[in-house]
Amino acid sequence: MPEGNQSMITEFILTGFPGLHPQYQHLASAVLFLVYFLTVTGNVIFLFLFATDRSLHKPMYYIILNLSVCDLLFSTTTLPKIISKYWFQSGSISFTACFVQMYFVHYLGTVNSYILFLMALDRYLAICHPLRYHLILKNSTILILSITAWVVAKAPSLMLVIRAYPLPYCASNIINHCYCDHIGITMLACTNRAPYGFPAFVLAMIMLLGPLSFIIFSYCSIIIAVFKIANLQSRMKSLSTCSTQLIIISLYYLPRCFVYLASNVGIKFSADMRIVIIMLYSLCPPMINPLLYCLRAKDMRESLQKHFKKKAAPQKAQVSAISD
């Protein structure tokens, strides 16, 4: 069939987890809602602390600010629809809305990758070039780099949508996934997918492996620099400053690399297992990230304690006044 806007499909149906028994659908929606609630709560708490505590206005926390906004937007783009599918039996999504969701899924994924690159850059400069850190990585520099990340990420995601939208969709409208993505949509096109799938795969690898290659280089350099430190206590302190960001980066990259490598070496997953893995590496990091940098970062812990003390002080004063 020739290409062009010959689609007879007006909406797509998201299957969610295809093998999920109907009696567990409400439980699935409750779990997904809990994940969304914790994600929103954790990231909103960080945004509130950042907005109200000027001591957090440092390059590292400006980077985390971008990560937090990105995590919030990604979860809001993907989770409400799949929750409504299991909660209200509403799995349909309009043709145009599906492509809008696809754009934001790939756009925010690309932004996330760039933000993790900035995280690695921050730690690389702080440990390998400490004397030049404050000269190179100012708040204004992070602002410019962050805006660049959000702007540059638009082009590849927009290209995916522009190339996929006009394809003829005239067969099945069932997407075996919890949200619309490029593979799920273009698999339904009544045309040869290779001219669209391969460039999209190459683009995804560039967006994923480009920042990852620098991240690997930066942490290898950090490890070498740390082991050159004679004092064991200073060595452990330097490593501890990287631990939170390394955990966040690992949560994002390791599962993705595993899935890509597994598919290339012939390891096959069932449709349900594949979707579960994708959902885990897509939705768990946004939920876990705020907990990591709130508990492990000293500045964040102190900021939380200050706010708790401020709330506790008026309550004690009120109890004291009543007792008097």
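This passage walks through the overall layout of the chain, two of its helix pairs, and the spaces found in the structure.

The model looked at here is a predicted one. Its chain is built from 11 helices and three strands. Going along the sequence, these elements come in the order β-α-α-β-α-α-α-α-β-α-α-α-α-α. As for overall dimensions, the C-alpha trace covers about 75 × 60 × 35 Å along its principal axes.

Two helix pairs give a feel for how the elements sit against one another. A packed pair of helices is described by the angle between the two axes and by the distance between them. Take α2, which runs over residues 59-88, and α5, which runs over residues 139-152. Their axes come within 9 Å and cross at roughly 25°. Angles under 35 degrees count as roughly parallel, and α2 and α5 are therefore roughly parallel to each other. The crossing of this pair is right-handed. On the α2 side, the contact is made by Pro59, Tyr62, Ile63, Asn66, Val69, Cys70 and Leu73. Their partners in α5 are Asn139, Ile142, Ser146 and Trp150. Sorted by class, the residues of this contact come out as eight nonpolar and three polar, with no charged ones.

The second pair is α3 with α8, the latter made of residues 194-227. Here the axes lie 9 Å apart and the packing angle is about 20°, which makes α3 roughly parallel to α8. This crossing, though, is left-handed. The list of contacts is a long one to read through. From α3 come Thr110, Ser113, Tyr114, Leu116, Phe117, Ala120, Leu121, Arg123, Tyr124, Ile127 and Cys128. They meet a set of α8 residues including Met207, Leu208, Pro211, Phe214, Phe217, Tyr219 and Ile222. The contact of α3 with α8 has 18 nonpolar residues, four polar ones and one charged.

Next come the spaces in the structure, starting with a pocket. The second largest pocket has a volume of about 640 Å³. It is lined by 23 residues, and the closest to its centre are Met60, Tyr61, Arg123, Thr241 and Asp299. Arg123 also turns up in the contact of α3 with α8. Two or more lining residues come from each of α2, α3 (95-128), α4 (130-136), α9 (232-264), α10 (271-296) and α11 (298-323). Of these, α9 supplies the largest share, seven residues. The lining as a whole breaks down into 10 nonpolar, seven polar and six charged residues.

There is also an enclosed space to account for. One cavity of 30 Å³ or more is present in the structure. This largest cavity holds about 110 Å³ of space. Its lining counts 15 residues, with Asp71, Asn112, Tyr252, Arg256 and Ser282 the closest to the centre. The helices α2, α3, α9 and α10 each give two or more residues to this lining. The most comes from α10, with five residues. By class, nine residues of the cavity lining are nonpolar, four are polar and two are charged.

Put side by side, the two linings draw on some shared elements. α2, α3, α9 and α10 each give two or more residues to the lining of the pocket, and they do so for the cavity as well. The main contributor is α9 for the pocket and α10 for the cavity.

Note on methods: Residues are numbered from 1 along each chain as its sequence is written. This is a predicted model: local features need pLDDT of at least 70, side-chain atom pairs count only at pLDDT 80 or more; totals for chains, interfaces and linings use all residues. Side-chain values use heavy atoms; hydrogens and water are left out. Axes are lines fitted to C-alpha atoms, for helices over the stretch in contact, and angles run from 0 to 180 degrees between N-to-C directions. Helices (H or I, at least four residues) and strands (E, at least two) are DSSP runs, numbered from the N terminus. Angles under 35 degrees count as roughly parallel, over 145 as roughly antiparallel, 65 to 115 as roughly perpendicular and the rest as oblique. A crossing is left-handed if the near helix is turned anticlockwise from the far one by less than a right angle, and right-handed if clockwise. Contact means heavy atoms within 4.5 Å. Ala, Val, Leu, Ile, Met, Phe, Trp, Tyr, Cys and Pro count as nonpolar, Asp, Glu, Lys and Arg as charged, and the others, Gly among them, as polar. On a 1 Å grid over the protein atoms alone, a cavity is a set of points where a 1.4 Å probe fits but cannot get out, and a pocket is an open set with protein on both sides within 12 Å along at least five of seven lines; lining residues have an atom within 4 Å of a point. Grid points are joined across faces, edges and corners, and a volume is the space filled by probe spheres set on the points.
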